[in-house]
Amino acid sequence: MRAMDYRGPRRVRVVDKPMPKLEHPRDAIVRVTRSCICGSDLHLYHGMVPDTRVGMTFGHEFCGVVEEVGSGVENLKAGDHVLVPFNIACGQCHFCKQGLFGNCHESNAQATAVGGIFGYSHTAGGYDGGQAEYVRVPYADFGPTIIPDWMDPDDAVLLTDVVPTGYQAAEMGGIQKGDTVVVFGAGPVGLLAARSAWLFGAGRVIVIDHVEYRLEFARTYCPAEVYDFREIGDPVVFLKKITDIGPDVCIDAVGADASGNAWHTLFGKKLKLEAGSAVPLHWAINSVKKGGVVSIVGVYGPTGNMVPIGNVVNKGITIRANQASVKRHLPKLIEHVREGRIDPKGIITHRVPLEDVAEAYHLFSSKLDGCIKPVLIPSAA
Ligand SMILES: [Zn+2]
Ligand SMILES: [Zn+2]
């Protein structure tokens, strides 16, 4: 089969790989019909995530058709159209029982923090992902969700990560009616976090970025007040000024690849003395009101970052963070899509044949051609 192959930072291509096989009674093989490139794939692509191995197939956002199921999978059959949450979760361990599907204890041999994730670094279990014609799906009796007949597959594929991650970012913010919510990052997750903030009762939603076309998009899609951080001086001072006492909730939807500070770029991205650049986290902690909430869904490597923890203590801030527990949110999100309260496919800007994966990564990484969300289409789709 054809599959994306990681060759090292900024080098990806499509190669022939062996067809995945059932390796466990709870496995399924899924023929991929759509697979997105995620902002967090760019962290891999840029070499920001430890233990990203050459030869891996990325892709944790995919949907497709069940080809084959193991003997232990009774709720799926060949021919079912499914969306597959990016978290690989057993559904039975201590953490899964609490709905913490992003922290499954069984799916990642490291098991100290994050659970298994399709197509990510070996810190997330080292599973091959869905930027391929076929993919092996472990714990297939638990994760995959049948796509309702009425749902557009373009909406379905975005329910595997971007939508639930943005939604959980807003949920973790504990937004109260009328709250001012600031989202750092106008990428796909930031856009969905800002959109979701309204569903939780926000009274004012502000998006900060520096990519002009994305801010323009956020203005109408979310809809949000938008600011280019290059034009507002110190974002912390600016946010305090326009919100009087500081935002009630700040959401970091950027993670390790952040721009905006030469010091962080040097220490985190060039010298790798911290796990990437943590600029939005500094802005979030320092601008949020005293007693406010900082919600983090941006991806950071599992090692340390220099964050202003003293300010967290002195301001009495609550920090909430996690990988989204996709499966937990799906029933509600499917309802929101059906009722038109969330429009996932509205963020898709590019459809690219899987064969052109290198071009798609370049386009997305360099923010060319107004790219917000690229979707890869395998030729067998
Ligand atoms: Zn993703
Ligand atoms: Zn589990």
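In this predicted model, F184 has a relative accessibility of 1% and so counts as buried, since that value falls under the 20% limit. Its partner in an aromatic pair is W283; the two rings are tilted, with 6.1 Å from centre to centre and 45° between the planes. F184 belongs to strand 10 (residues 180-184) and W283 to helix 9 (residues 279-287), so the pair ties together parts of the chain that lie 99 residues apart in sequence. W283 is buried as well, because its relative accessible area of 12% is also under 20%.

The structure holds 10 aromatic pairs in total. In another of them, Y45 and Y361 have ring centres 5.1 Å apart and planes at 40°, so this pair too is described as tilted. Here again distant parts of the chain are linked: Y45 sits in helix 1 (residues 39-45), Y361 sits in helix 12 (residues 357-365), and 316 residues separate them in sequence. Both Y45 and Y361 are buried. These two tyrosines also join Y6 and F58 in one aromatic cluster. A ring can have a charged neighbour too: the charged end of K327 sits over the ring of F142, at 5.9 Å from the ring centre.

Y361 appears once more when the nonpolar interior is examined. The largest nonpolar core has 75 residues, and those that touch the most other members are L159, V181, V183, V207, I347 and Y361. Setting aside residues up to four places away in sequence, L159 touches L83, M151, P164, V326, L330, L333, I334 and V337. A second core, separate from this one, has 24 residues, and W283 is included in it along with V236, A256 and V279. Such groupings fit a broader tendency: in soluble globular proteins, nonpolar side chains tend to be buried together.

Two zinc ions come next. For the zinc ion (ligand 1), the protein donors are C38 (SG), H60 (NE2), E61 (OE) and D161 (OD), at 1.8 to 2.2 Å from the ion. The angles among these four donor atoms run from 93 to 134°, and the site is tetrahedral. Along the sequence, the donor residues follow the spacing C-x21-H-E-x99-D. C38 is found in the loop between strand 3 (28-36) and helix 1, while H60 is in the loop between helix 1 and strand 4 (62-69), 22 residues away in sequence. Both of these donors, C38 and H60, are buried.

The zinc ion (ligand 2) is coordinated through sulfur atoms of C90 (SG), C93 (SG), C96 (SG) and C104 (SG), at 2.3 to 2.4 Å. This site is tetrahedral, with angles of 103 to 116° among its four donor atoms. For comparison, the ideal angle for four tetrahedral donors is 109.5 degrees. The spacing of the donor residues in sequence is C-x2-C-x2-C-x7-C. Among them, C90 and C96 are both buried.

Finally, where does K21 lie in the chain? K21 is in the loop between strand 2 (11-16) and strand 3. With a relative accessible area of 61%, K21 is exposed, because the value is over 50%. Apart from neighbours within four places in sequence, K21 is in contact with D27, I29 and R136. From K21 to V237 the separation is 216 residues in sequence and 55 Å in space, taken from C-alpha to C-alpha.

Note on methods:
Residues are numbered from 1 along each chain as its sequence is written. Chains are lettered from A and ligands numbered from 1 in the order in which they are written. This is a predicted model: local features need pLDDT of at least 70, side-chain atom pairs count only at pLDDT 80 or more; totals for chains, interfaces and linings use all residues. Side-chain values use heavy atoms; hydrogens and water are left out. Rings of Phe, Tyr and Trp (its six-membered ring) pair if their centres lie within 6.5 Å; planes under 30 degrees apart count as stacked, over 60 as edge-to-face and the rest as tilted. Helices (H or I, at least four residues) and strands (E, at least two) are DSSP runs, numbered from the N terminus. Buried means under 20% relative accessible area, exposed over 50%, partly exposed in between (1.4 Å probe, protein chains only). A charge sits over a ring if NZ of Lys or CZ of Arg is within 6 Å of the ring centre and within 35 degrees of the ring normal. Donors are N, O and S atoms within 2.8 Å of the metal (3.2 Å for Na, K and Ca); water is not among the atoms, so sites may look incomplete. Four donors count as tetrahedral if all angles lie between 85 and 135 degrees; four count as square planar and six as octahedral if opposite donors are over 155 degrees apart and all others between 65 and 115; anything else is irregular. A nonpolar core is a set of buried Ala, Val, Leu, Ile, Met, Phe, Trp, Tyr and Cys residues joined through side-chain atoms within 4.5 Å. Contact means heavy atoms within 4.5 Å.
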